[in-house]
Amino acid sequence: MNDLRFSVGSYVKYKVDGDEEYTQTDTLTDTCTPHFNHSRVIDIPMVTQETLDYFENSCITFLVYGCQADRADDTHLSHLSTKELRQKEETSGIVRNTALARQITKHSLDEAAALKAEILLLKRRNEILTKKEKRIQSIVTEWGKKSAEEQAFDPFYRAVSAAAFSSGTMLKSAA
């Protein structure tokens, strides 16, 4: 945290598979570089397929919070309009930093969700391509077992093309 206003206190929340509520660390104060020294042992009495799926496909998201100290109101600023105050703060960098902090928080949450979705999509694409590869290998194997009279190129080409360019929903194509 690069802003002293957040040194009032900071803490982390997280939730692991099966937790009803978020686990929250102690709030650390008077520091911009907190060291939480938090640990937690998670007991998994029986490892099931759901447990394995969670660790393979999910993640633990840590939410970092900074308690912000409000600035004391300046009496010489009380006569300025909201627009003038914003312009003054923009030139001093105060609003930019708080807006950036909000954007970073929102961006990191969005980024984590986007990364999860991308991983799942890539896994699904990998499964589809693996199925296509196996199907093409089986077509080639079947074709190799045919006699020389039955080995016509056009039906073989159509079968391989159908398998290669299929959407992945149909595993077999007419040979």
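Is Glu-56 buried or exposed? Glu-56 is exposed, because its relative accessible area comes to 56%, above the cut-off of 50% for that class. Hello everyone, and thanks for coming. Please keep in mind that what we have on the screen is a predicted model.

Let me stay with Glu-56 for a moment. Its partner in a salt bridge is Lys-123, and the closest N and O atoms of that pair are 4.0 Å apart. Glu-56 sits in helix H1, while Lys-123 belongs to helix H3, which runs over residues 94-145, so this salt bridge ties together parts that lie 67 residues apart in sequence. Lys-123 has a relative accessible area of 28%, so we call Lys-123 partly exposed.

There is another contact to show you around here. Leu-120 is also found in helix H3. The C-alpha atom of Leu-120 is 7.3 Å from that of Asn-57, although 63 residues separate the two along the chain. With a relative accessible area of 45%, Leu-120 falls in the partly exposed class, because that class runs from 20% up to 50%.

Now, how many salt bridges does the structure hold? The count is four, and I have two others to go through with you. In helix H3, Glu-127 and Arg-124 are three residues apart, about one turn of the helix. Their side chains meet in a salt bridge, at 3.4 Å from N to O. As a reminder, an α-helix has 3.6 residues a turn, so residues three or four places apart point the same way. Glu-127 is partly exposed, at 43% relative accessibility, and Arg-124 is partly exposed too, at 37%.

The next salt bridge joins Arg-40 and Asp-19, with 3.0 Å between the closest N and O atoms. Which loops does this pair link? Arg-40 is in the loop between S2 and H1, and Asp-19 is in the loop between S1 and S2, so to speak distant parts of the chain, 21 residues apart. Arg-40 counts as partly exposed, at 33% relative accessibility.

While we are in the loop between S2 and H1, please look at Asn-37, which is found there as well. Asn-37 is not a glycine, yet its phi is positive, at about 45°. Its relative accessibility is 75%, so Asn-37 counts as exposed.

Let's turn to the sheet. In what order do its strands come? The order is S2-S1-S3, in an open sheet of three strands with antiparallel pairing. Strands S2 (23-24) and S3 (62-67) stand at the edges with a single partner strand each, so one side of each has no neighbour in the sheet.

Strand S1 covers residues 9-14, and its antiparallel pairing with S2 rests on two bridges. Here Tyr-14 stands opposite Thr-23 of S2. Between S1 and S3 the pairing is again antiparallel, over six bridges. If you would like a residue pair to look at, Ser-10 has Gly-66 in S3 as its bridge partner. S1 is also mostly covered, with five of its six residues buried.

Back to the surface, then. Which residues form a nonpolar patch there? They are Ile-42, Ile-44, Val-47, Leu-52 and Phe-55, and together they have about 450 Å² of accessible area. Phe-55 lies in helix H1, residues 49-57, and Phe-55 is exposed, with a relative accessible area of 51%.

My last stop is helix H4, residues 153-164. How far apart are its end C-alpha atoms? They are 16 Å apart, and that agrees with the 16 Å that 12 residues should span at 1.5 Å a residue. The buried residues of H4 are Ala-159, Ser-161 and Ala-163.

To bring us back to where we started: Glu-56 in helix H1 and Lys-123 in helix H3 are the pair I would put on the screen again, with Glu-56 exposed and Lys-123 partly exposed. Thanks for listening, and I'm happy to go back to any of these views.

Conventions. Residues are numbered from 1 along each chain as its sequence is written. This is a predicted model: local features need pLDDT of at least 70, side-chain atom pairs count only at pLDDT 80 or more; totals for chains, interfaces and linings use all residues. Side-chain values use heavy atoms; hydrogens and water are left out. Patches are made of residues with over 30% relative accessible area and no salt bridge: like charges are joined within 9 Å, nonpolar side chains (Val, Leu, Ile, Met, Phe, Trp, Tyr) within 5 Å. Accessible areas come from the Shrake-Rupley method with a 1.4 Å probe; for residues, only the protein chains shown count as cover. Helices (H or I, at least four residues) and strands (E, at least two) are DSSP runs, numbered from the N terminus. Buried means under 20% relative accessible area, exposed over 50%, partly exposed in between (1.4 Å probe, protein chains only). Two strands pair if DSSP finds at least two bridges between them. The expected span of a helix is 1.5 Å times one less than its number of residues.
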